Amino acid sequence: MLIFAPSWEFLLSASRNSLQSFELSRLAHAANLRKEIAALLDQWMEENAAAMLARLLLQQRERSARAPDMLSEGDSRNNGAHSVSDNFLSDRAVSQPVNRGPS
């Protein structure tokens, strides 16, 4: 990519029309560069999104492959044991007698 950088002497001695022409050409070039950068950023974001989707699918497959193992481990660990859900409202299931003083 060739960048045009005129000498200071040219810019200082250039006519009004020449400076206006130079300004417009630099602005046009800057606009073209901006379009190229925007296209590259869009492509970069699409590529990253595709890579992240692939990573998500890989992780999901790994979890699915481990799920049967985790279930069998959980069953063998919980034989005869109680889980937290067994304790939910357990105090209400068996009512305690209320002591109302001497009878």
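A nonpolar patch, as I use the term here, is made of residues with over 30% relative accessible area and no salt bridge, with nonpolar side chains joined within 5 Å. I kept in mind throughout that this is a predicted model.

Entry, surface patch. I looked for such a patch and found one of about 450 Å², made by Ile37, Leu41, Trp44 and Met45. I then looked up Ile37 and placed it in helix H2.

Entry, confidence. I checked how far to trust that helix: H2, residues 16-77, has the highest confidence in the chain, at a mean pLDDT of 91. The lowest is in helix H3, residues 90-93, at 54. For the chain I noted a mean pLDDT of 81, with 66% of residues at 70 or more.

Entry, elements. I counted three helices and zero strands. Read from the N terminus, the order is α-α-α.

Entry, exposure. I looked up burial and found that 4% of the 103 residues are buried. The chain exposes about 9900 Å², and I noted that carbon and sulfur atoms supply 59% of that area.

Note on methods: Residues are numbered from 1 along each chain as its sequence is written. This is a predicted model: local features need pLDDT of at least 70, side-chain atom pairs count only at pLDDT 80 or more; totals for chains, interfaces and linings use all residues. Side-chain values use heavy atoms; hydrogens and water are left out. pLDDT is the predictor's confidence in each residue, from 0 to 100. Helices (H or I, at least four residues) and strands (E, at least two) are DSSP runs, numbered from the N terminus. Patches are made of residues with over 30% relative accessible area and no salt bridge: like charges are joined within 9 Å, nonpolar side chains (Val, Leu, Ile, Met, Phe, Trp, Tyr) within 5 Å. Accessible areas come from the Shrake-Rupley method with a 1.4 Å probe; for residues, only the protein chains shown count as cover. A salt bridge is a side-chain nitrogen of Lys or Arg within 4 Å of a carboxyl oxygen of Asp or Glu. Buried means under 20% relative accessible area, exposed over 50%, partly exposed in between (1.4 Å probe, protein chains only).
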